[in-house]
Amino acid sequence: MEKKGIKIAAQNRKAYHDYFVEDRLEAGIELKGTEVKSIRAGTLNLKDSYCVVKNGEAMVYSMHISPYDKGNIFNHDPDRPKRLLLHKREINKLHALVKQDGYALIPLSVYFKDARVKVELGVCKGKKNYDKREASAQRDAKREIDRHMKNYR
């Protein structure tokens, strides 16, 4: 019996700070051995991960899945490139988008959907430093407004 629903395993908060997310896409991921158990235990880091489309395949690099602590010789390299499971037309579309200058393919989150591991990809455009400062100022202003509104209730 498979579990139903979505359970988030990891999110890439740094991606939202460094990039404007233009488009989102769900993809499966090819994992080996004890990697699923390790993800279920919450030992996944997406901080500096990125995707590359090469030879008709989409790969994720720098996605660190720590070795499963109850595993043995069957544990895999934590930083190995992992293949994304996408249709050929989706890969071609992503490749065309990424070839445009300034766009990058970034994993935004990894989650379980009906007991399968899925990756949410974002087609992102890099932020400049002044964009980051502006976003920070807006966030601070919203927080300040919420604080004042709470006092008047």
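**Entry 1: the nonpolar core**

I looked up the largest nonpolar core in this predicted model. It has 24 residues. Which of them touch the most other members? I found Met63, Leu84, Leu86 and Leu121. Next I asked which elements give two or more residues to this core. They are strand S2 (19-29), S4, S5, helix H3 (88-99), S8 and S9. S9 gives the most, with 4 residues.

I then took Met63 and listed its contacts, leaving out residues up to four places away in sequence. Met63 touches Ile29, Leu44, Asn45, Leu46 and Ser49. Its list also holds Pro78, Asp79, Lys82, Val110 and Val119.

**Entry 2: strand S8 and its partners**

I moved on to strand S8, residues 103-113. How many of its 11 residues are buried? I noted 8, and S8 is mostly covered.

I checked its pairing with strand S1, residues 6-11. The two strands run antiparallel and are joined by 5 bridges. Ala10 has Val110 in S8 as its bridge partner.

I then checked S8 against strand S9, residues 116-126. This pairing is antiparallel too, over 10 bridges. S8 and S9 form a hairpin, with 2 residues between them. In the turn, Asp114 has a positive phi of about 50°.

I also looked at the ring of Phe112. Arg40 lies over its face, at 4.3 Å from the ring centre.

**Entry 3: Glu120**

I picked Glu120, which sits in strand S9. What stands opposite Glu120? I found Ser109. The side chain of Glu120 makes a polar contact with the side chain of Arg24, at 3.2 Å. I listed its other contacts, setting aside neighbours within four places in sequence. Among them are Tyr16, Leu25, Ile106 and Pro107. Leu108 and Tyr111 are also in contact with Glu120.

**Entry 4: strands S4 and S5**

I turned to S4, residues 50-54. Where do its side chains point? They alternate along the strand. Cys51 and Val53 point to one face and are buried. Tyr50, Val52 and Lys54 point to the other face and are not buried.

I looked closer at Tyr50. Is it buried or partly exposed? Its relative accessibility is 37%, so Tyr50 counts as partly exposed. The reasoning needs the cut-offs: buried is under 20%, exposed is over 50%, and partly exposed is in between.

I checked the pairing next. S4 and S5 run antiparallel, joined by 5 bridges. Val53 stands opposite Ala58 in S5. The two strands form a hairpin with 2 residues between them. There, Asn55 takes a positive phi near 55°.

**Entry 5: aromatic pairs**

I searched the whole structure for aromatic pairs and got 1. The pair is Tyr50 and Tyr61, and it is stacked. I noted 5.6 Å centre to centre and 25° between the planes. Tyr50 is in strand S4 and Tyr61 is in strand S5, residues 57-61. The two are 11 residues apart.

**Entry 6: Asp69**

Last, I looked up Asp69. Where is it found? It is in the loop between strand S6 (64-65) and strand S7 (82-85). Why does Asp69 count as exposed? Its relative accessibility is 65%, and exposed means over 50%.

I also compared positions along the chain and in space. Asp69 and Lys37 are 32 residues apart along the chain. Their C-alpha atoms are separated by 9.6 Å.

Methods: Residues are numbered from 1 along each chain as its sequence is written. This is a predicted model: local features need pLDDT of at least 70, side-chain atom pairs count only at pLDDT 80 or more; totals for chains, interfaces and linings use all residues. Side-chain values use heavy atoms; hydrogens and water are left out. Buried means under 20% relative accessible area, exposed over 50%, partly exposed in between (1.4 Å probe, protein chains only). Two strands pair if DSSP finds at least two bridges between them. A polar contact is a pair of N or O atoms within 3.5 Å; within protein, one must be able to donate a hydrogen and the other to accept it, and residues adjacent in sequence count only if both atoms are side-chain atoms. Contact means heavy atoms within 4.5 Å. Rings of Phe, Tyr and Trp (its six-membered ring) pair if their centres lie within 6.5 Å; planes under 30 degrees apart count as stacked, over 60 as edge-to-face and the rest as tilted. A charge sits over a ring if NZ of Lys or CZ of Arg is within 6 Å of the ring centre and within 35 degrees of the ring normal. A nonpolar core is a set of buried Ala, Val, Leu, Ile, Met, Phe, Trp, Tyr and Cys residues joined through side-chain atoms within 4.5 Å.
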